[in-house]
Amino acid sequence: MTEQILAVQRMQDYIETHLEEDITLAELAAAAMFSPWHSYRLFRRYTGLTVTEYIRRLRLSKSAMRLKQENCRVVDVAYDMGFASVDGYQRAFRREFGCNPAEYARAKVPLTLFVPYGVKFRELRKESVDMENVKSVFVQLLHKPERRVILKRGVNAEDYFSYCEEVGCDVWGLLTSMDSLSGEPVCLWLPEPYRKHGTSTYVQGVEVEADYDGIIPEGFEVIELPEADYLMFQGEPFREEDYCDAIQAVQHAIHRYDPAVIGYRWDDSNPRIQLEPRGERGYIELRAVQPERR
């Protein structure tokens, strides 16, 4: 991995940590360990945004999540997130999301939030993984109720990266703004009965109640899933730069696991589920099972 990519990642990390403060290019350059001019060029090259655009979009998305999750006033959110005035915040919010913050706080319609993907992760996924030192994987049986999934299909995608290339990474930001039964969006590998001709195995969506009749964002659709038992595989917490290793360690454990030891067999009629890889909790994947026939 090049020093340039690591420099941009250090700037992204600095922004995340100091988002509610005034952030100067000099401070970012110090974090990057390059000159301000060179840091600015590197940041735009690898993120596709200027520093100002990146910070503005991230602050607006963080503010939207606060309005969705907390009982807080628009004025407080505006100043907490570093905007100079409430009017300026409202105009920026409308330009970004198409509605004003007060309307969103009342209606909580789905928004396409800005998700700041770390530039280093694009490089890390290309590196080889050594599976000799596999860490512990926690396995738990859980039950999912009958439910619906609001999802967006790709074309040929079989994993997150190819899905992002086909559909765009903004889908996750939209899904994050929506309420979900599990408290967060999900990624699914769909069995054949749930696929449509010319669409992908891998999709992203949110699980909602079986009688959900709310908003369906444009370009999304709804499938119905029956109640089912799942085995949840959860790896150990990991450093963010080790996320590829963490994913492959869990998937390796799933491949080797025999559910017959607890009286079950794999149920491939239900989708396999992936949760967002988060270092503080470990990588999580779920695979459906059925009780062994007696």
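This report covers helix packing, selected residues, cysteines and confidence in one predicted model.

**Basis and confidence**

The model is predicted: local features need pLDDT of at least 70, side-chain atom pairs count only at pLDDT 80 or more, and totals for chains, interfaces and linings use all residues. Residues are numbered from 1 along each chain as its sequence is written, and side-chain values use heavy atoms, with hydrogens and water left out.

pLDDT is the predictor's confidence in each residue, on a scale from 0 to 100. The chain has a mean pLDDT of 89. A value of 70 or more is reached by 95% of its residues. Residues 128-132 stay under 50. For that stretch the model has 5 contacts beyond four places in sequence. A contact means heavy atoms within 4.5 Å. Where pLDDT is low, the predicted coordinates should not be read in detail.

**Helix H2 and its neighbours**

Helices (H or I, at least four residues) and strands (E, at least two) are DSSP runs, numbered from the N terminus. Buried means under 20% relative accessible area, exposed means over 50%, and partly exposed lies in between (1.4 Å probe, protein chains only).

Helix H2 spans residues 25-32. Leu28, Ala29, Ala31 and Ala32 are its buried residues named here. They sit on the same side of H2, because they cover an arc of only 160 degrees around the axis. That arc is taken from the directions from the helix axis to the C-beta atoms. Ala26 and Ala30 are exposed, on the face turned away from the buried side of H2. The buried residues of H2 pack against three elements: helix H1 (3-17), helix H3 (36-47) and helix H4 (51-69).

Met33 follows H2. Met33 lies in the loop between H2 and H3. Its phi is positive, about 65 degrees, although Met33 is not a glycine. Met33 is exposed, with a relative accessible area of 59%.

**Crossing angles**

Axes are lines fitted to C-alpha atoms, for helices over the stretch in contact, and angles run from 0 to 180 degrees between N-to-C directions. Angles under 35 degrees count as roughly parallel, over 145 as roughly antiparallel, 65 to 115 as roughly perpendicular and the rest as oblique.

H2 and H3 pack at an angle of about 80 degrees, and their axes are 9 Å apart. H2 is therefore roughly perpendicular to H3. On the H2 side, Leu25, Ala29 and Ala32 make the contact; they meet Pro36, Ser39 and Tyr40 in H3.

H1 and H3 cross at roughly 90 degrees, with axes that come within 9 Å. These two helices are therefore roughly perpendicular to each other. From H1, the contact involves Gln4, Ile5, Val8, Met11, Gln12 and Ile15. From H3, the contact involves His38, Ser39, Leu42, Phe43, Arg45, Tyr46 and Thr47.

**Three residues and their surroundings**

Arg59 lies in helix H4. Arg59 is buried, with a relative accessible area of 12%. Leaving out residues up to four places away in sequence, Arg59 touches Leu19, Glu21, Asp22, Ile23, Met81, Gly82 and Phe83.

Val186 is in strand S3 (residues 186-189). At 1% relative accessibility, Val186 counts as buried. With the sequence cut-off of up to four places, Val186 touches Trp172, Val203, Gln204, Gly205, Glu207, Ile273, Gln274 and Leu275.

Trp266 is in strand S7 (residues 264-266). Not counting residues up to four places away in sequence, Trp266 touches Leu231, Phe233, Ile254, Tyr257, Pro259, Arg287, Ala288 and Val289.

The table pairs each of them with one other residue.

| C-alpha pair | Separation in sequence | Distance in space |
|---|---|---|
| Arg59 and Ile15 | 44 residues | 10.0 Å |
| Val186 and Thr176 | 10 residues | 9.7 Å |
| Trp266 and Glu207 | 59 residues | 22 Å |

**Cysteines**

A disulfide is a pair of cysteine sulfur atoms within 2.5 Å. By this rule the count is 0 disulfides. The sulfur of Cys72 has its closest cysteine sulfur in Cys99, at 15 Å, too far for a bond. Cys99 is buried, with a relative accessible area of 10%.
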